[in-house]
Amino acid sequence: MGVSDAIVSGRKVVASSATAERLSTTQTNAKWVLIQPETDNTGVILVGGNSTLSHAATARTGIVLTALDSPVPFTVRDLRDLWLLCSVDGDGVTYVYMQKA
């Protein structure tokens with residue numbers, strides 16, 4: 001770890017199941033991130049690289065996460081690069097990332 005690197009944690013709740021949201025709305029330089037669905041989610045969360053995620057059975061895209069899944073690692077440069085789409089309003093994720101100086 002560099003002198004300015006730090007492990008940081010956060011939480012993201014997706015307000016509407018109709019709209020994908022960025023994991024972070026501000027530039028957040030990172031080396032990696034672990035994303036875990038909240039244990040009280042009642043639907044599924046899709047994680048992907050853009051806002052075109054889809055829950056449609058014939059067009060589903062992204063990584064599917066459910067409430068009991070283990071954390072999933074992603075290598076990213078910026079947390080804004082990851083998008084979330086939930087099947088139920090208000091479901092969310094918790095995450096831990098290595099902040100890059």
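A salt bridge here is a side-chain nitrogen of Lys or Arg within 4 Å of a carboxyl oxygen of Asp or Glu. With that in hand, look at Asp-78 and Arg-80, whose side chains form such a bridge, with N and O 2.8 Å apart. Asp-78 is buried because its relative accessible area is 7%, while Arg-80, at 28%, counts as partly exposed. Please keep in mind throughout that this is a predicted model. We will come back to charged residues after a look at the overall fold.

Let us step back to the whole chain. Its secondary structure consists of eight strands and zero helices, so that reading along the sequence gives β-β-β-β-β-β-β-β. The radius of gyration is 13 Å, close to the 13 Å that the globule rule gives for 101 residues, so the chain is as compact as a globular protein of that length. Along the principal axes, the C-alpha atoms fill a box of roughly 45 × 25 × 20 Å. Of the 101 residues, 40% are buried. Contacts also reach across the sequence: among those with a separation of 6 or more, 81% join residues 24 or more positions apart.

Now for the interior. The largest nonpolar core has 18 residues, and Leu-23, Val-33 and Ile-35 have the most contacts inside it. Two or more residues of this core come from each of strand E3 (30–37), strand E4 (45–48), strand E6 (72–74), E7 and E8. Val-33 is a good place to stand and look around: leaving aside neighbours within four places in sequence, Val-33 is in contact with Leu-23, Val-72, Pro-73, Phe-74, Val-76, Leu-79, Leu-82, Tyr-95, Val-96 and Tyr-97. Apart from this core lies another, of five residues, including Ala-20, Leu-46, Leu-53 and Leu-85.

Back to the charges. Side chains of opposite charge can pair when their charged atoms come close. The structure holds four salt bridges, and the Asp-78 and Arg-80 pair is one of them. Another joins Asp-5 and Lys-31, at 2.6 Å from N to O. Asp-5 lies in the segment before strand E1 (6–13) and Lys-31 in strand E3, so this pair ties together parts that are 26 residues apart in sequence. Asp-5 counts as buried, since its relative accessibility is 13%, whereas Lys-31, at 35%, counts as partly exposed. Lys-12 and Glu-21 form a further bridge, their closest N and O atoms being 2.9 Å apart. Here both partners are buried.

The Asp-5 and Lys-31 pair also leads us to the end of the chain. Lys-100 lies in the segment after E8 and, with a relative accessible area of 43%, is partly exposed. Not counting residues up to four places away in sequence, Lys-100 touches Asp-5, Asn-29, Ala-30 and Lys-31. Asn-29 sits 71 residues from Lys-100 along the chain, yet their C-alpha atoms are separated by 5.3 Å.

A similar meeting of distant positions appears around Glu-38, found in the loop between E3 and E4. Glu-38 counts as buried because its relative accessibility is 10%. Its C-alpha atom is 5.8 Å from that of Gly-92, although the two residues are 54 apart along the chain. Besides Gly-92, the contacts of Glu-38 include Arg-11, Ala-67, Val-93 and Thr-94, once neighbours within four places in sequence are left aside.

Finally, turn to Asp-91, in the loop between strand E7 (83–86) and strand E8 (92–99). What is the nearest side chain of opposite charge to this buried residue? It is Arg-11, 8.8 Å away. A salt bridge needs the nitrogen and the carboxyl oxygen within 4 Å, and Asp-91 has no salt bridge. The side chain of Asp-91 does reach the backbone nitrogen of Gly-43, at 2.9 Å. Gly-43 belongs to a wider set of residues that Asp-91 touches, not counting those up to four places away in sequence: Val-13, Val-14, Asn-41, Thr-42, Gly-43, Val-44, Ile-45 and Cys-86. So, of the buried acidic residues on this tour, Asp-78 is paired with Arg-80 in a salt bridge, while Asp-91 is buried without one.

Key
Residues numbered from 1 in each chain as written. Predicted model: local features only at pLDDT ≥ 70, side-chain atom pairs only at ≥ 80, totals over all residues. Heavy atoms only, no water. Helix = DSSP H or I, 4+ residues; strand = E, 2+ residues; numbered from the N terminus. Buried < 20%, exposed > 50% of the residue type's maximum accessible area, 1.4 Å probe, protein only. Lys, Arg positive; Asp, Glu negative; His and termini not counted. Polar contact = N/O pair within 3.5 Å; in protein donor to acceptor, adjacent residues only side chain to side chain. Contact = heavy atoms within 4.5 Å. Core = buried A, V, L, I, M, F, W, Y, C linked by side-chain atoms within 4.5 Å. Rg over C-alpha atoms; globule rule 2.2 N^0.38 Å.
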